Every structure is written in C-alpha cells, then in structure tokens.
Amino acid sequence: MNSQSNTALSVSQLNREARRLLEHSFSIIRVEGELSNFARPASGHWYFTLKDSQAQVRCAMFKNRSQLIGFRPKEGDQVIVTAKVSLYEGRGDFQLICEQMMPGGEGQLQKAFEALKLELSARGLFAEERKKPLPAHPRCIGVITSASGAAIHDILHVLNRRFPGLPVNLYPAAVQGVEAADQLVSALALANRHGECDVLIIGRGGGSLEDLWPFNEVRVAEAIVASNIPVVSAVGHETDTTISDLVADYRAPTPSAAAEILSPDQTLLRQRLQQTAATLQWHLSRALQQSKLQLQNYRKRLRHPGERLQDQYQRLDRLEMQLSKQLSSRLQQEEQRLNGYSRRLLRRNPAQQLPEWQQQLQQLQQHLVLRMHRSLVAQQTQLKQAALRLNAVSPLATLERGFSLLLDQDEQIIRHCNQVKPEDLITARLQDGDIICRVIEHKPSESHSL
C-alpha cells in the first residue's frame, strides 16, 4: 500500500491489512511461555495469555485443535505452543492462533507423556489381544517416515542386504515439528486406502523427547490402532519409548531392527530352497521311476484298437448266433407246448368225452352190483361161522347137555363153594327154567373130576 496516499483508511481496513501483513510475514512458529488468564467457554475454544518475565501475548486455540491435546493445561503451566501469528480485527489485538500445545521443558513433557500413557491404557489401546499378528513373509512393506531422514536409508540398507527383491512403498511424512502429527495420520490413511502393503513401519531416528513428540500425539496413536494393516513402530533409539510404540502391533527398537524383523534372511531362505529343491528332485525322480514302470506295464497290457475291435466283432457274432439258436429253441418249445395244450383241450372236450363217461358209468354200475353181491355172500358166510363159534361157547348149549348154572342172590355165577354159606338162597338155572335152593352146608374138596 502506498504510504504517501492521502486516502484515509478505516480502522477495520487498517486492522485487516495489518492481519494480512502479519500472517504473510510469519510462518508457523513455536513459542514457550507461562499460561495466564486461561478461559474455557462452553464453545470448547480456549483463550489465554502466554507470558514470560518481560512480555505477554494473547492466544486463541479453537475446539478442533484443543480437543486433540493429550493433557489438561491449567493456569501457571509452562507450555510450548505451535501457532500462526495473526491479529483480531475487532479489537486490533495482536494474537497467536495456536495449532498445538505441549508442556514446556523436559520434565513437563515427561509428565504429559505419563498422563497420556495412563489415559490410553485405560481405553485399552495397549492391550495385546487387540494387536494384529505380523505376516511371516510380507510381499510388500510400507514405510512411513521422512523421505530425507536416516531412518529410510537404514531400512533400505537392511532390506537390500537381507532380501533385495522385497518391494518397499514409501509414504513420506514429517517426523518432527508442527505438521508432523497430521502428516503421519494422513500417511497411515493413505497406506490403508492403497492396500498394497502387508505391513507398515512407522518411525524415525533418535532425538529428544520434544523431537519425538509427534509420535506421542493422541491422533497418531488412534490412527495406528485404526489401521487395517499391521503396524511396526520404530521410533528413536532402543531406550526411547513413545505412545506409538505402545499402541503399535509390534515395537522395534530401531528402524533397522524393524527391517530385520520383517524381512526374511535370503541366505537362510536360499538354504531352505536348496534343501526343498533337493527333496523335490528326489521325490520327482522316484515318481518318474514309478511312472516308467507303470508305463511299461501298461504297454505290455495295451492292445491295438483294431485287435480289440476284431475281438468285439467275434464276440458280437457269437452272441448273435447264440441268441438266434436260443430263440429258435425257445420257439420250438413254445410250439410243442401249444400243440400239447391243443391235444389236451381236444381230449377234454365234453362233447367227445360224454360217450366215454357213459360207458365208464355203465361199467361202474356193473362192478358195483357184482361187488355188492359178492360182499353179501361173504358176510352171510361169516355170519354162519360166527353163529357156530358162538353156539360152541354159549352157556345155553351147555345147559342142553344136562348142566346147570348156580347164581347167588346178586345173579353172579358161583364157581367156588366158599362163595356161599349155609342158609344162603341160590338159583340153579337149567335149560328150561330156574330152581331156588337153600344151602344146607358146603364141603370143599381138594380135587374133583367128572
């Protein structure tokens, strides 16, 4: 603007030009001082004064930045802010627009680190059970670090020595300073979007706690936890520990160590490959020998298709002749059976069989009369013979010869004298009637004859 112009500026124009001048004249700066007049309105923005023993400056930190701070600042704390120089046009106040804040001094940084570690541990971000396993043989390794730092050179040197053919994707990001945390988060997101790598290394070389502080930022830790790709943290030297180390799926003491852990040893792999090749060659040789033997057996058993076709023709002709013979034989058998059925049917025709049945009936009647006559004569003869035999043994015949039967009062035949006693009434049955007798006495004898 021309300072010699007679045109007067309004206050707002002056303040606006002053703000533009300040913002274009200063890049992002870091300022250390003591917090004073600290205010937290309901909007979530922070307003405070940063001072030292000789001067002070107004500061503002808006909600989108203040909620990312990993500790709770209070009045009188010594802090380091990363900010842009600006001017509040409404009052014409010179001020700093703060992007980041960390405790000032090593002691304060360590306290902030311990507080953040407790907070994230309580949230479960350090739990081993949520961490992802590393691939045994990664096909591609992603590295998130400074493109010009020593870490990438150390990693590439180790990978070139151990396994030169392993692809490496570099996702460059600042590892120190105001914009480092945002760039680390962006690089993690970019690597996950690409999805080309099996594992990621995030880290840098050694430095002070303040230099390593981007790896202690909450948003960096959350981005590592949210990564779908396993993350190996390799920040600083072996004795350095950051929040990134604690939340990562694996912590390597140095970037070189991370490369050692993830890359296969080509010498060992070559030895295993040689052993595997020798074993495979032995198995292949054995399989080849067996295949040769099988092939020889197959060749012995193999016949020309023409020969097999001739055999099939002969077999077909033989089957055809057998079938024709069987059909002819079967046809003859069926004809014979049909003729037999016809003859039997004719023989059983009622018209033809009626005279025969009449003749048979007459013969049966004659046989029946003859057999009845013969049976009657035979039965008469048998009856006469039976009558003679009956008469021979009949008691009546005995009575006709002058004998009698003695019966007791119960009509039982008396055979022995001891069957009666004196005064008993007995009956003497003769041929023409009965005589009632009384027993006077009985005289048994030892022998008696007629």
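This report describes the empty spaces, one sheet and a few chosen residues of a predicted model.

Residues are numbered from 1 along each chain as its sequence is written, and side-chain values use heavy atoms, with hydrogens and water left out. Because the model is predicted, local features need pLDDT of at least 70 and side-chain atom pairs count only at pLDDT 80 or more, while totals for chains, interfaces and linings use all residues.

**Cavities and a pocket**

Rolling a probe the size of a water molecule over the atoms shows where empty space is left. On a 1 Å grid over the protein atoms alone, a cavity is a set of points where a 1.4 Å probe fits but cannot get out, whereas a pocket is an open set with protein on both sides within 12 Å along at least five of seven lines; lining residues have an atom within 4 Å of a point. Grid points are joined across faces, edges and corners, and a volume is the space filled by probe spheres set on the points.

The whole structure holds 2 cavities of 30 Å³ or more. The largest cavity has 13 lining residues, and those closest to its centre are Arg 30, Gln 100, Met 102, Gly 177 and Pro 214. The second largest cavity is lined by residues including Ile 69, Phe 71, Trp 213 and Glu 217.

The table gives volumes and the make-up of the linings. Ala, Val, Leu, Ile, Met, Phe, Trp, Tyr, Cys and Pro count as nonpolar, Asp, Glu, Lys and Arg as charged, and the others, Gly among them, as polar.

| Space | Volume | Lining residues |
|---|---|---|
| Largest cavity | About 90 Å³ | 5 nonpolar, 4 polar, 4 charged |
| Second largest cavity | About 70 Å³ | 7 nonpolar, 2 polar, 1 charged |
| Second largest pocket | About 210 Å³ | 6 nonpolar, 3 polar, 2 charged |

Helices (H or I, at least four residues) and strands (E, at least two) are DSSP runs, numbered from the N terminus. Strand S2 (46–51) and strand S3 (56–61) are the elements that give two or more residues to the lining of the second largest pocket. Among the residues of that lining are Asn 37, Phe 48, Thr 49 and Arg 58.

**Buried and exposed residues**

Buried means under 20% relative accessible area, exposed over 50%, and partly exposed in between (1.4 Å probe, protein chains only). Ser 36 belongs to strand S1 (residues 29–39). With a relative accessible area of 10%, Ser 36 is buried. Leaving aside residues up to four places away in sequence, Ser 36 touches Phe 48, Thr 49, Lys 51 and Glu 75, where contact means heavy atoms within 4.5 Å.

Gly 165 sits in the loop between helix H4 (150–162) and strand S7 (168–172). Gly 165 counts as exposed because its relative accessible area is 64%. Its C-alpha atom is separated by 98 Å from that of Tyr 341, 176 residues apart along the chain.

In helix H8 (residues 255–262), the buried residues are Pro 255, Ala 257, Ala 258, Ala 259 and Leu 262. Their cover includes strand S6 (141–145), H4, strand S8 (199–204) and strand S9 (231–235).

**An open sheet**

Two strands pair if DSSP finds at least two bridges between them. One open sheet of 3 strands runs in the order S11-S12-S13, with antiparallel pairing. Its edge strands, each pairing on one side only, are strand S11 (405–407) and strand S13 (434–438). S11 is joined to strand S12 (residues 425–429) over 3 bridges in the antiparallel sense, and Leu 407 stands opposite Thr 427 in S12.
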